[in-house]
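Hi,

Here is the structure I said I would pass on. Have a look at it first, and my notes on what turned up follow below.

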Amino acid sequence: MERTTARRRRLARVAALLSTAVLAGAAVLVAGPAGAADGELAANGGFESGLTGWSCAASSGQAVSTPVHTGTGALKATPAGSDNAQCSQTVTVQPNATYTLSAWVQGSYVYLGESGATASPVTTWTPSAATWQKLSLTFTTSATASTATIFLHGWYGQPAYVVDDVSLVGPGGGTTTPTIPAAPTGLKVGTATSSSVPLSWTAVSGATGYAVYRDGTKVSTTTSPSTTVSGLAAATAYSFQVTATNAAGESAKSSAVSATTASGGTTPTVPAAPTGLAAGTTTTSSVPLTWNAVSGATGYAVYRDGTKVSTTTSPSTTVSGLAAATAYSFQVTATNAAGESAKSSAVTATTATSGGGTGGGALPTHALVGYLHASFANGAGYVRMADVPSSWDVIDLAFGEPTSVTSGDIRFTRCKVSECPNVESDADFKAAIAAKRAAGKKVLLSIGGQNGQVQLTTTAARDAFVSSVSTIIDTWGLDGVDIDFEGHSLSLNTGDNDFRSPTTPVVVNLISALKSLKAKYGAGFVLTMAPETFFVQNGYQYYGSGPWGGQDPRCGAYLPVIYALRDDLTLLHVQDYNSGSIMGLDDQYHSMGGADFHIAMTDMLLTGFPVAKDTTKMFPALRPDQVAIGLPANSYAGNGYTSPADVTTTLNCLTKGTGCGSYKTHGTWPGLRGLMTWSINWDLYNGSPFTKNFDAYWP
């Protein structure tokens, strides 16, 4: 959620979501004039010689004669659902030297960057360039740098982008052709199926891609040091080798490895009984369960007091429809085509005596959550607290922002009269908050937003966060906080690859700070979160910088925070807007703006999912009462506006199991908590269609 004007805010939002800029170690400096010894290092940057000197992943790039920025040639590259169409070139650079990289681009989601010569990749990008737009960045090489790879790419599943006049200026005296990379080492095979063999190998310095050979014939290319060769015959032995490639050419082949595919007609064996069955925090009517994934299982059956009550394809579920203050015994079995396993060991759980678990004060069964522009007007006009309609159950004050990115010192400043002529006095604002709370509403401080980047890099920043937020809560008489960390607030360090035990300071310190606030204010403390899809559901496909590095380290970065605070979390309302296409549990990409996107994204939260598709690292399902769907109130409020009719379709599917379309959900959740919107102001500005639809659906 943002405080800029509508048009600028929409672009800024998308930029905050999908940027691949890396924080840690990125040596980004203010561009200065080129030194006397500087020269042009990019080869064929104008693409007048086709793609000579450039390498494009998965044959995604082509030379075109229109459109061009200058000259007669340009590069056009088209991403796919699983490929971002990266085109790159490796050049020789000097250590401890400053370089300026630039390019002219057209298209949506176009990225320009450098890797290999700095501690982490340095990137810049544009979310939308309808006409030629110049991207530029400056970087300083490390003390040991000898080569740098300059690259451009789009975004998965998005339209083609066009590039021209790529320039890299710095010490080096002109264009340098990279050397052919060394042959890959460490080639190994994973577990073969009847038709495929997974391969992985050690990354090669200076390589921009790899070629994969089966029995001496090249069968595929990839930009990552791993791939899966498919289309194979069952029960057949194959030999595999790989080579490394860059603009200079192709390396020698690696040592060969052999693998034999599984027998196609083999009948699977009955899987083992699940282990690790555990119950989470109960509500008055539901119990969340998780267990360890079982090798060879294609599904699971859930038993309550000896009776099978549900099935699921993931090793987590929530059993609902239970009686309050009642003890239940649960077991699970694993299933596949061969049959059903023995039952797991039993666990016992007792439902709560009053709703909401431990995650804060009681909310109505179905709640409407909205953000109130408390520090700015944002084109929608200022709304006094006393004038907020009674339909809103949770009111988030936007925003608390830090004095600096890493200070942890949060300040809440009310809108000035110059911007909000109808702003009420502090005394009236405080009295109106008290009146809302007396009426059963929850009023929270929302921290962050687009402009409020918060990085708790040190324990001192953590302690300042707790102290300053406590002061704001006490001063205004609030119920709790909403964490709306966006942009670069949360990012995972390289090697931090398990959401269950994070090591990155900004993540660990945020978890600690929120637990301290919860401990200070007790059971009535309300904690909500409003992450973007990139930081949550995108974690199904990617997590952090990935096993080989190079991914955006913000992928899935909210998951360790949600997981660590799952028993304290009142409500999670992911922003299902200003989002790129996200892969759902059906392994298909879903795009914002319709019921299908909200159904797929919410199903992931209520079902749970393997993080980075690693079934040993399952992000467990949240309780339905912990989940609300985040939407823009109207088309002015953000990209991905969803009509009231589609909102109703979404709710019918998730709560009643009807009208789901082509997406098959993993359950039905009548206890879904409700809806969130950005914002109360924008809804009122447009005649309150969002509120009216909510009230009609859940009167």
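**Salt bridges and who is buried**

D498 counts as buried, because its relative accessibility is 16%. Keep in mind throughout that this is a predicted model. The side chain of D498 meets that of R500 in a salt bridge, with 2.9 Å from N to O. R500, for its part, counts as partly exposed at 37% relative accessibility.

How many salt bridges are there by this rule? The count comes to twelve. Another one of them pairs the side chains of K515 and D568, at 3.7 Å from N to O. That pair links distant parts of the chain, since K515 sits in helix α4 (residues 505-521) and D568 in the loop between α5 and β32, 53 residues apart. K515 counts as partly exposed, with 37% relative accessibility, whereas D568 is buried at 15%. If you want a long-range distance for D568, its C-alpha atom is 33 Å from that of T335, and the two residues are 233 apart along the chain.

Then there is D426, which forms a salt bridge with R414; the closest N and O atoms are 2.9 Å apart. D426 belongs to helix α2 (residues 426-438) and R414 to the loop between β28 (410-412) and α2, so this pair ties together parts that are twelve residues apart in sequence. Here R414 is the buried partner, with a relative accessible area of 10%, and D426 is partly exposed at 45%. The pair is also part of something wider: R414, E424 and D426 are linked in a network of salt bridges.

**Domains**

Stepping back to the whole chain, the domain assignment gives domain 1 (39-170), domain 2 (185-260), domain 3 (275-350) and domain 4 (367-697). Between the C-alpha centres of domain 1 and domain 3 there are 50 Å. UniProt, in an unreviewed entry, places the feature "domain: GH18" at residues 366-699. That span is 28% helix and 17% strand, and its end C-alpha atoms lie 9 Å apart.

**Pocket and cavities**

You will probably want to look at the second largest pocket, which holds about 920 Å³ of space. It has 40 lining residues, and the closest to its centre are W291, P315, S316, M618 and F619. The elements that give two or more residues to this lining are β18 (278-279), β19 (287-290), α5 (559-564), β35 (609-610) and β36 (618-619). Which domains each supply at least three residues to the lining of this pocket? Domain 3 (275-350) and domain 4 (367-697) do. By class, the lining has 20 nonpolar, 14 polar and six charged residues.

As for enclosed space, a search of the whole structure finds four cavities of 30 Å³ or more. The largest cavity has a volume of about 70 Å³. Its lining is made up of A633, Y641, T642, S643, P644, V647, L675, P689, F690 and N693. Two elements, α7 (644-656) and α9 (689-697), give two or more residues to that lining, and α9 has the largest share with three. Sorted by class, seven of the lining residues are nonpolar, three are polar and none is charged.

**Backbone oddments**

A few backbone spots to check before you set anything up. A cis peptide bond joins T66 and P67, with omega at about 0 degrees; P67 is in the loop between β3 (61-64) and β4 (74-77). Another cis peptide bond joins W678 and S679, where omega is about 5 degrees. S679 lies in the loop between β38 (674-678) and α8 (680-685).

There are also positive phi values in residues other than glycine. N578 has phi near 50 degrees and is found in the loop between β32 and β33 (582-583). Is N578 buried or exposed? Buried, with a relative accessible area of 0%. S688 has phi near 65 degrees and lies in the loop between α8 and α9. S688 counts as buried too, at 16% relative accessibility.

Cheers

Note on methods: Residues are numbered from 1 along each chain as its sequence is written. This is a predicted model: local features need pLDDT of at least 70, side-chain atom pairs count only at pLDDT 80 or more; totals for chains, interfaces and linings use all residues. Side-chain values use heavy atoms; hydrogens and water are left out. Domain bounds come from an automatic or database domain assignment. UniProt positions are given in the numbering used here, feature names are shortened, and annotations may be inferred rather than shown by experiment. Helices (H or I, at least four residues) and strands (E, at least two) are DSSP runs, numbered from the N terminus. On a 1 Å grid over the protein atoms alone, a cavity is a set of points where a 1.4 Å probe fits but cannot get out, and a pocket is an open set with protein on both sides within 12 Å along at least five of seven lines; lining residues have an atom within 4 Å of a point. Grid points are joined across faces, edges and corners, and a volume is the space filled by probe spheres set on the points. Ala, Val, Leu, Ile, Met, Phe, Trp, Tyr, Cys and Pro count as nonpolar, Asp, Glu, Lys and Arg as charged, and the others, Gly among them, as polar. A salt bridge is a side-chain nitrogen of Lys or Arg within 4 Å of a carboxyl oxygen of Asp or Glu. Buried means under 20% relative accessible area, exposed over 50%, partly exposed in between (1.4 Å probe, protein chains only).
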